[in-house]
Each structure stands twice: as structure tokens, then as C-alpha cells.
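User: Could you take a close look at one part of this model for me, the nonpolar patch on its surface? I'd like to see how that part sits within the whole chain.

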Amino acid sequence: MVNIVERYSNEIKQLSLEERLELATLILNTLKDETPTALPRPSKRPIGLAEGQFVVPADFNDPLPDELLDAFEGK
């Protein structure tokens, strides 16, 4: 999707300040009048669907190696 300002930037730049304000007001009023559509709520998934498909390693909570920590910190 193309941003309207990007698409019409040359035309908008040629407008006077008053015309730009009028255009912005028109756009905002148009958007204000639109009613937002509610997104459907996803149904809750049952717990345990992937039971037995993944085993948490014993060292899962151990500190990360220094090399990996340095990589995350950009060192």
C-alpha cells in the first residue's frame, strides 16, 4: 500500500499553507466519521496440544555463554 503523502508529495508541496490545512482537516474529518470494525476474537486454544513434541532441555535456565551475551550486547 502506498502512503498518500508519498504518492501525492509533489502536489501537496505546491499547495499553500491554508490549502494544506484544509486538506488535513478534510482527511481527519473523513477518518473520524469511519466506524472501526471490530476484529474477531480468536478462540481459546486447549492447553497441551503439543504435548510430547518438545522437551525443555535441563540447562534451559542456565546463564548464556559469554560469547553469546557479547553478541547480543554488540561487543
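**The nonpolar patch in its setting**

Analyst: Happy to! Starting at the N terminus, the elements of this protein follow the order α-α-α-α. Please keep in mind that this is a predicted model. In total there are 4 helices and 0 strands.

Let's set the scene with the overall form. The radius of gyration is 26 Å, whereas a compact globule of 75 residues would have one near 11 Å. Along the principal axes, the C-alpha atoms fill a box of roughly 65 × 45 × 15 Å. Buried residues account for 0% of the 75 residues. The exposed surface comes to about 8000 Å², and 59% of it is supplied by carbon and sulfur atoms.

Now to the patch itself. Ile4, Val5, Tyr8, Leu23, Leu26, Ile27, Leu28 and Leu31 together make a nonpolar surface patch of about 730 Å². Two helices, α1 (4-7) and α3 (17-33), each contribute at least two of its residues. The biggest share comes from α3, which gives 5 residues.

Ile27 makes a nice example to zoom in on. This patch member lies in helix α3. Its relative accessible area is 36%, so Ile27 counts as partly exposed, the class that runs between the 20% limit for buried and the 50% limit for exposed.

Finally, a word on charge, to round off the surroundings of the patch. The protein carries 8 positive and 14 negative charges, and the mean positions of these two groups lie 9 Å apart.

Methods:
Residues numbered from 1 in each chain as written. Predicted model: local features only at pLDDT ≥ 70, side-chain atom pairs only at ≥ 80, totals over all residues. Heavy atoms only, no water. Rg over C-alpha atoms; globule rule 2.2 N^0.38 Å. Buried < 20%, exposed > 50% of the residue type's maximum accessible area, 1.4 Å probe, protein only. Areas by Shrake-Rupley, 256 points an atom, 1.4 Å probe, with all protein chains shown as cover. Lys, Arg positive; Asp, Glu negative; His and termini not counted. Charge placed at Lys NZ, Arg CZ, Asp CG, Glu CD. Patch = residues over 30% accessible without salt bridge, like charges linked within 9 Å, V, L, I, M, F, W, Y side chains within 5 Å. Salt bridge = Lys/Arg side-chain N within 4 Å of Asp/Glu carboxyl O.
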